[in-house]
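Q: I am new to this structure and would like a close look at a single part of it. Could you take me carefully through one interface, and set it beside whatever else helps me to read it?

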Amino acid sequence: MKQMRSLLAALPDDDLTFLGSSPYVYHCHHFNLFHDQTVDDALGNEQAFAVKSRAAHEASWHLLADLVKSADAVTPAERLEIAAAALPWMGHGRLALLTEKHGGTARGEYLHYGFSWQEKYGSRVRRRHPADAFAAGWAAAATEVAYDLPPGSLRCREHACFACREAACTFEVEGGGDANLDTYVGKETFERFISPATVGQNEDTVRKIAAGLKDFVAGIESDERGLVQGFGVYVTRHLANYYDQTAYDTIHMIEREKPRVTEVIEELFGESGHVCVFYTCGGILASPEWEALVGPPENDPESIVVSCTAIARGLGFGHWSIAEMVPGERLVLQASSNYEAPFYRERYGKSEKPRCYFFANAARAFMQLAHKVDWQERPQLDDALYQSLFKSNLGWDLEMTRCQTRGDEVNEVVVTRRKA
Amino acid sequence: MSRPGGAERAEAFRLTPLVPDTGCGRSRHWACHIEGRPDVATLAGCLEANGLHRRCDHPALGVFRHSRGHEIAWVTATGRIQIRVDIEVPRSERPATAARLYRSLAGALASKQSARSNT
Amino acid sequence: MSTDYLADAAKGVPSLHAVLVTAMPDCLLFDSWLEEGSSWQAEEIATYLGDLFRANREGLKALSSWSADMLVTIESPEHYILLKEVSNDFVCACVFGRKTALGMARLYMQRMLERIAESLPVFKVEERPRGVRVVDFLDRYAPDPHAVLLRVSLRTGVPMAALEKPESLSDEHVAEIEKTAASILGLETLNI
Ligand SMILES: [Zn+2]
């Protein structure tokens, strides 16, 4: 889609990518589903849907505003058309917006969350609550932008969902919204909170692979369903603010209301880091694309960690770098920029404890993939392998030693082999 | 090393048997290898004649897409082939669909070989 | 795991690949005999076959055509799998290769069951605490089993330390995690 491509921007040295001023990253459906599920578990389905759709609304509104401005779209019809075309480009499926000034309906097909949930879990679990809160927030924001309504004045509910075995997803957009668009975390915010790019071990290799991967993923097109498939997963070009806001709002709520399970929710959001590294980094390493661009992966822990670090940069997770790597023993991973810390600092101020859960747990998963997977055998990256690698006793201890959410210069995590 | 003649060269483009490939997609990804190195343009032409079009024209990688959404990815340097069955094919039918795509690829290679040995 | 009485019962029976005794209603493996060199996972097979037997029994009860000496026969391309109740507490499964005629397999099974029934312990299987059964059920059926206890803890507020010792959970907590387990699986109630 031409308009979306014209909005592509980056802080290339910091390995951050933006659509207009909105930060975006690549995440797969395994990560997305696990992330949303944790919000559902923490808050209950109804409140979780409200929190997720509000975060989606807030994250989408600025992107949609940038988009209609850059396309010089004046009429509501034009603007709705642009909003409808942008969602498939991001790999989120198709959403027909049938809304007017005071609301209306929307109908989704192949929406990322519902569709991929059905594919992943549908044969094992009967789902009874809708999955597409992101599309709901998008629909509300798109309608506000299309009709120049006050930002945050609408809300949207999903009444039927493909994940619940309905034929399509249906939404209702109406008044009574509570999205808050007063503060915004955009490119300028990132520039304030990130540090100059660090230089890590194997820097040249990491940089070179990351550059090739960035080019490659930028060229991936969605299919006619509005899905982006690559590396064996459904990929989304997703708004990072959505992840940050849903995770941190939920964690804060747990800290206030159910403090004794704070560690549990931190572990679950961290677990989504394992999920991402296993399916996305693993899927990339095992893919024909990687074999063509970089060569087949070898059973060498250092080279796997180098590759995973480059992949993180390539997907827009930030400037991750290897400060120290001792195969079999220890990894010190740093990030002078990531997508978690700037959001936290801007929205909630300084944290008292480290809070880059995704970054930290991804580092641990790097070590697990580097040491426990036989890459030359071209492993089946399926649930069974995942369970065997991540179900219990990973064998790696994790310490977040520095964190930008706490005001430290960089984010740093130390992964060490657990002593028997 | 001297190259063998036409008939044996045809033999050199054989596909190894189809086996499940890596990936989380439950019988969606299948693998085989092209033994030998056919050139990209000719193979692309043959696959296009079989209803696939080239989606990715990176010099190191060919990805050919079928109108039904299936794909054949080919790493030109190593000969690795990955056949990807479209997500909307029911799980039970995926192996048979992959086998059909495999046969069409084998057919494309055979037609390329005969074109070569006629010249 | 193979105990003498099962090995004795299986001795000399042609084309017999496995004998599995499953404790009901939990569908957990009680005892098994596998032919030498077998790569089957007895626990797994016992669990699924136990579930299958239970579903079959409930289905037949709903049709009012259930009786305790019912024999369930599954004909797969390579095997005959025969399932029969030994007592209220045990179901026995025998897996035969198809070289043996089905009628003969049934006959062999009947003879084996007589010996097995004599040897099974006379005491009733101790009923495991309900909390343990709920956690086992989740481990077996929930998606993402690696994270399911964390999910239960987050939903219920019951700390992980308590969930990791399900035998000591209070009745209140058991009721809560049972409700949560059903909700995670999209079920009205747990069939445990
Ligand atoms: Zn839906």
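A: Domain bounds, as used here, come from an automatic or database domain assignment. On that basis chain A of this predicted model is divided into domain 1, residues 2-175, and domain 2, which joins residues 192-225 and 261-417. The part to look at closely is the interface between these two domains, whose C-alpha centres lie 26 Å apart.

The contact takes 28 residues from domain 1 of chain A and 33 residues from domain 2 of chain A, and together the two domains bury about 2,500 Å² between them, with 61% of that area on carbon and sulfur atoms. Within the area that domain 1 buries against domain 2, A:D15, A:Y26 and A:F34 supply 25%, which is more than any other three residues give.

Charged and polar pairs also cross this interface. There are 4 salt bridges between domain 1 and domain 2 of chain A, and one of them pairs A:R347 with A:E58, where the closest N and O atoms are 3.3 Å apart. The polar contacts across the domain interface come to 14 residue pairs, with both residues at pLDDT 80 or more.

On the domain 1 side, the elements that each supply at least two residues to the surface touching domain 2 are the strands β2 (16-19) and β3 (22-28) and the helices α2 (29-43) and α4 (76-89) of chain A. Of these, α2(A) gives the largest share, with 7 residues. Sorted by class, the domain 1 side holds 14 nonpolar, 6 polar and 8 charged residues.

The interface between chain C and chain A can be read in the same way. Here 21 residues of chain C are in contact with 24 residues of chain A, and the area buried between the two chains is about 2,000 Å², of which 54% comes from carbon and sulfur atoms. C:H146, C:L150 and C:L154 supply 36% of the area that chain C buries against chain A, more than any other three residues.

Between chain C and chain A the count is 3 salt bridges, and among them is the one in which the side chains of C:D139 and A:K391 meet, at 2.9 Å from N to O. Polar contacts across the interface of these chains amount to 11 residue pairs, both residues being at pLDDT 80 or more. On the chain C side, α4 (130-141), α5 (148-156) and α7 (171-185) each supply at least two of the residues that touch chain A, and α5(C) provides the largest share, 5 residues. The chain C side divides into 11 nonpolar, 4 polar and 6 charged residues.

Terms used: Residues are numbered from 1 along each chain as its sequence is written. Chains are lettered from A and ligands numbered from 1 in the order in which they are written. This is a predicted model: local features need pLDDT of at least 70, side-chain atom pairs count only at pLDDT 80 or more; totals for chains, interfaces and linings use all residues. Side-chain values use heavy atoms; hydrogens and water are left out. Contact means heavy atoms within 4.5 Å. Buried area is the accessible area (1.4 Å probe) that two parts lose on being put together, summed over both. A polar contact is a pair of N or O atoms within 3.5 Å; within protein, one must be able to donate a hydrogen and the other to accept it, and residues adjacent in sequence count only if both atoms are side-chain atoms. Helices (H or I, at least four residues) and strands (E, at least two) are DSSP runs, numbered from the N terminus. Ala, Val, Leu, Ile, Met, Phe, Trp, Tyr, Cys and Pro count as nonpolar, Asp, Glu, Lys and Arg as charged, and the others, Gly among them, as polar.
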